[in-house]
Amino acid sequence: MQRPSKQTAQRAMFAMALLSLAFLYCIGALAYASLVKGDEYRLKAERNQLSDTQVAAERGTIYDSNMKVLAKSASAWLVYVNPSQVKDNEQLERIVRGLVDILDADEEDVRKKLAKTETGYQKIAGEVETDVKEQLEAYISEHKDSALSQVIGIDPDTKRYYPYSSFASTIIGFTNADDEGIAGLEMQYDDDLTGVSGRIITAKNARQGLMDSSYETTYDAEAGESLVLTIDEVIQYYLEQSLSQAIADTGAKYAYGIVMDTDTGAILAMTSKPDFDLNNPRTVSDAKKVEEIAAMTDPETRAQETTNALYAQWRNRSISDTYEPGSVFKTIVVSAALEEGVVDLNTSYTCTGSILEARRARYGKSDAGAYEFLQPVFHHNRAKPW
């Protein structure tokens, strides 16, 4: 038997060395992928294999002191798209047209989200009413041949409602599109009112399509805590009506007031007029201000004035503005005197003293070079009945 030549043996050794190095490289790469990059790759695999949809929790209800509902959450719908399932341009155009026409969505925004073909979830609209959801379902069914249901998805959602529109609006406040409180009691007690979101986890196939329900796991959402106010709906109503009438009679820019229980200090009513519709908080409610803004020609100025008007109508002046009672405080003095029996309704008084006002000097040289000061003003009160 002829022995292999030395050259052949060297070639075999070299090939064995290469195979050994390749084997060691594979072992090293496998160890690196599992030990070093394991968590990262695991998350990527889960994202590709699982669809994790969040289900919004129902926000807690806000009641008045007699358990009348002032704010509540109701069932709504969330519409999303799965861009990875878009097949062709014809299907894309039908999807865009349906979402824009039915949901009144921004066309440019919809196209941008559908262009993200590497993703499986893009939110289009939340807080969709049931009748709008039914219109969308009918549109999807009408275009079965285009398989729109593969791309457009509809999940349960919640929407905040305020049954009495502008009633106690500056107290209650409102939420944003993500159901977060951003004004009033909705913001102050946001942590309590906000519930725990649920989740729907479903397996996806290689084409990123959802698999049947046997692969689905659902975690129910937990509703938030409710809030009972000291506000009395009846007292609140009469306070609001009185202040609205006061503005109409006097032409005042603002009016605000508080009604308290004198025994406990509980706030029975509070309002600041003019106010706004809680169901449409980003609409300027002052008709005169709307006309002024519409007449502005500069877009930036118009946008800034709109923002200023919104913040002004959201402001609860009853607790945000500095109040100097002045003569209004006289009623408290008179009430105290009557309560203690010091005076009665026929008591009169004579004030012989005086109060010096304007003690603060206004400095500024006159033509003669002398300093000028504000002249002191004296008030003398004549005898007056209570």
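**Pocket lining and nonpolar cores**

Modeller: In this predicted model, helix 11 gives the largest share of the lining of the second largest pocket, five residues.

Colleague: Which other elements give two or more residues to the lining of the second largest pocket?

Modeller: Besides helix 11, strand 10 (267–273) and helix 10 (287–294) do so. The lining has 21 residues, and Lys253, Tyr254, Pro274, Asp286 and Lys289 lie nearest the centre of the pocket. The space in this pocket is about 510 Å³.

Colleague: What makes a residue part of this lining?

Modeller: A lining residue has an atom within 4 Å of a point of the pocket. By class, the 21 residues comprise nine charged, seven nonpolar and five polar ones. Lys253, Asp286 and Lys289 count as charged because Lys and Asp belong to that class.

Colleague: Why is the set with Ile62, Ile172, Phe174 and Leu229 called a nonpolar core?

Modeller: The term applies because such a set consists of buried residues of types including Leu, Ile and Phe, joined through side-chain atoms within 4.5 Å. This core, the largest, has 23 residues, and the four named have the most contacts inside it. Strand 3 (69–81), helix 6 (169–172) and helix 11 (299–314) each supply at least two of its residues, with the largest share, three residues, coming from helix 11.

Colleague: Which residues does Leu229 touch, beyond those up to four places away in sequence?

Modeller: Leu229 touches Ile62, Tyr63, Asp64, Ser65, Leu70 and Leu185. Apart from the largest core lies another, of 22 residues, including Val79, Ala125, Tyr139 and Ile140.

Notes. Residues numbered from 1 in each chain as written. Predicted model: local features only at pLDDT ≥ 70, side-chain atom pairs only at ≥ 80, totals over all residues. Heavy atoms only, no water. Buried < 20%, exposed > 50% of the residue type's maximum accessible area, 1.4 Å probe, protein only. Helix = DSSP H or I, 4+ residues; strand = E, 2+ residues; numbered from the N terminus. Contact = heavy atoms within 4.5 Å. 1 Å grid on protein atoms, 1.4 Å probe; cavity = no way out; pocket = protein on both sides within 12 Å on 5 of 7 lines; lining within 4 Å. Points joined across faces, edges and corners; volume = space filled by probe spheres on them.
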